[in-house]
Amino acid sequence: MFTLILLSLIYAGFKVVPYMVNEYEFQDGIQEIARYASAMRQDTGKVREAVLKEAQKDDVPISTEDIKVEGTSGNYQISADYSVTVDLKVYQWTLNFHPSVSNKALF
């Protein structure tokens, strides 16, 4: 019984960990986008496009409607909400992610 539980945990880990890594990479990417946007004083439309490209690069299933960008005077707040369903053969597990970053202008 212990072996069955251990194998099922390992199986679940192999199915879930790639989505967690993608979310971490996406979070890191949008933090970099927020820093660059603050330094270059970009408009929110360009920032939203950059976030969408980052999501595609990191295999994050997100659309433009899921991305929220607020930018005033070089202060940017970027957030996104998305869900991923993991098929574990006996259970459908929905992982909800809510990455968000903010960056203040230097001056």
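Does F14 count as buried or exposed, and what is its relative accessibility? In this predicted model, F14 has a relative accessibility of 66%. The cut-off for an exposed residue is over 50%, so F14 counts as exposed. The residue lies in helix 1. Together with F2, L6, L7 and I10, F14 forms a nonpolar patch on the surface. The accessible area of these residues together is about 580 Å².

The strands considered here form an open sheet. Three strands make up this sheet, in the order 1-2-5, and their pairing is antiparallel. The edges are taken by strand 1, residues 67–72, and strand 5, residues 100–103. Each of these two strands has a single partner strand, so one side of each is left without a neighbour in the sheet. From one strand to the next, the twist averages 5°.

Strand 2 spans residues 75–80 and pairs with strand 5 in the antiparallel sense. This pairing runs over 4 bridges. Within strand 5, S102 stands opposite Q77.

Two helices pack on the sheet. Helix 1, residues 2–40, touches strand 2 and strand 5. The direction of helix 1 makes about 25° with that of strand 5. Helix 2, residues 44–57, also packs on the sheet, where its contacts are with strand 1 and strand 2. Between the direction of helix 2 and that of strand 1 the angle is about 145°. Strand 2 is thus touched by helix 1 and by helix 2.

Conventions
Residues are numbered from 1 along each chain as its sequence is written. This is a predicted model: local features need pLDDT of at least 70, side-chain atom pairs count only at pLDDT 80 or more; totals for chains, interfaces and linings use all residues. Side-chain values use heavy atoms; hydrogens and water are left out. Two strands pair if DSSP finds at least two bridges between them. Axes are lines fitted to C-alpha atoms, for helices over the stretch in contact, and angles run from 0 to 180 degrees between N-to-C directions. Contact means heavy atoms within 4.5 Å. Patches are made of residues with over 30% relative accessible area and no salt bridge: like charges are joined within 9 Å, nonpolar side chains (Val, Leu, Ile, Met, Phe, Trp, Tyr) within 5 Å. Accessible areas come from the Shrake-Rupley method with a 1.4 Å probe; for residues, only the protein chains shown count as cover. A salt bridge is a side-chain nitrogen of Lys or Arg within 4 Å of a carboxyl oxygen of Asp or Glu. Buried means under 20% relative accessible area, exposed over 50%, partly exposed in between (1.4 Å probe, protein chains only).
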